Amino acid sequence: MDHFLYQADELYAEQCQVAELAKQHGTPLYIYSRATLERHWHAFDNAVSDHPHLICYAVKANSNIAVLNVLARLGSGFDIVSGGELSRVIEAGGDPAKVVFSGVGKTVAEMEMALNLGIYCFNVESAAELEQLNQVALRLGKVAPVSLRVNPDVDAGTHPYISTGLKENKFGIAMEEAEAIFARAHELAGLEVKGVDCHIGSQLTEIKPFLDAMDRMLALIDRLGSQGIEIKHFDVGGGLGVTYDDEVPPQPDVYAAALLDRLGGRDLKLIFEPGRAIAANAGIFVTQVLYLKENSDKRFALVDGAMNDLIRPSLYSAWQKIIPVIERAGTTHNYDVVGPVCETGDFLGKDRQLNVQAGDYLAVRSSGAYGFTMASNYNSRPRAAEVMVDADNAYVIREREKVAQLWQGEQILP
Ligand SMILES: Cc1ncc(COP(=O)(O)O)c(C=O)c1O
Ligand SMILES: N[C@@H](CCCC[NH3+])C(=O)O
């Protein structure tokens, strides 16, 4: 089972089934594997089994209700960043008492909702938010459980757009200010200080930045302890990377063992917020070749999936493997795989060696995280359908959007 977390998901091995599903449900199409989701969640949970912990799956990675429900049934907690995500967790049968609420811009309405539902903890990201939360809690006659997200100022070594733990990033409270803000939280009647939180970025493929951050956070926890502020949990955030190409990120057991080792004998519950590591390689995005096109120095495979469906390649120059669902024998050519959207940046992959013809299906791998959740209706394109494969069955877990739904709620002036 070496490196199982990052290898091809079950779906990928069953290519014929993928073609059948694409025929049946149309393309573009997201397909997820329940078995892979479950295995990945257990990989985290087992990695820390003996130590008090909570796995709070980061909903932003893939918030389909069926996906959340699969994880809720395993006993997962959830990391949310909006009232919308909280509603999804509840709708999916998730336990609000296992929810942590991250994010730099929580609104009063979102605070009220989370307090009324009794979430596990608010990960507070600024002094101003702390004061606001205190006010809201007092008004509702509640005490808000809080942890402060502290920015440890470490370089996660990942893409600048998904790096969050540097001083210049908008996230968290500066380490220099942390003690004073903890002291303030400690004295506010509407708050109860529970924990310390950090999250330094996403798609980390080395363990060192996690450990550097941990050392700084543990030193802070020790200082707070000596000031009489007892910290009960340490939320280490998410960010563990996956294999898109040839990266070999640490496995959850190696990652967890390293963190537990650093923890020493401290009596701290650990909270993990993995998103990508659970969902990315549990899903693929299937698209059909509409046309082949050639100009003097480029070949294009024009496909029916586009940046509005899967934006990672356009937004971060992210590389995701693209494979024909059914291989053809013969010569391959160098293609840019591009969608119908009117943007030069609309591509799923560049310079891919493929042997394809119009009508062929292509699978973009590792698309289970930050795929559908980042989709939009740009160019008035309806969003793709989502299907979950569960043993021998495949369930449509979200219907393809209909064109007529695209203007629902919009009105012409009288
Ligand atoms: C606060 C927080 N927690 C968890 C995650 C999940 O990250 P990942 O999908 O990299 O595990 C993110 C996203 O980067 C985040 O901002
Ligand atoms: N959306 C990003 C990850 C963002 C992580 C959220 N803090 C990606 O696709 O890689």
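Let me begin with the ligand site, where the shell of residues around ligand 1 divides into 5 nonpolar, 8 polar and 3 charged. I should say at once that this is a predicted model, and that everything I describe this morning is to be taken in that light. The shell is made up of 16 residues that surround ligand 1, and the closest of them are A58, S202, G238, G275 and R276.

From the ligand I would like to turn to helix 4, which runs over residues 65–74 and whose buried residues are V67, L68, V70, L71 and A72. What covers these buried residues? The cover includes two strands, namely strand 1 at 29–33 and strand 2 at 53–58, together with helix 3 at 34–47 and helix 5 at 83–91. If you follow the chain out of helix 4, you come to G75, whose phi is positive, near 100 degrees.

The last part concerns the strands further along the chain, and here I will take strand 12, residues 298–303, as the point of reference. On one hand, strand 12 pairs with strand 11, residues 283–295, in the antiparallel sense over 6 bridges, and these two strands form a hairpin with 2 residues between them; within that pairing, K293 stands opposite F300 of strand 12. On the other hand, strand 12 also pairs with strand 14, residues 333–338, this time in the parallel sense and over 4 bridges, and there R299 stands opposite Y335 of strand 14. Strand 12 therefore appears in both an antiparallel and a parallel pairing, by the criterion of at least two bridges between paired strands.

Key: Residues are numbered from 1 along each chain as its sequence is written. Chains are lettered from A and ligands numbered from 1 in the order in which they are written. This is a predicted model: local features need pLDDT of at least 70, side-chain atom pairs count only at pLDDT 80 or more; totals for chains, interfaces and linings use all residues. A residue is near a molecule or strand if its C-beta atom, placed from the backbone, lies within 6 Å of it. Ala, Val, Leu, Ile, Met, Phe, Trp, Tyr, Cys and Pro count as nonpolar, Asp, Glu, Lys and Arg as charged, and the others, Gly among them, as polar. A residue is buried if 20 or more other C-beta atoms lie within 10 Å of its own, exposed if 12 or fewer, and partly exposed in between; C-beta atoms are placed from the backbone. Two residues are in contact if their C-beta atoms, placed from the backbone, lie within 7 Å.
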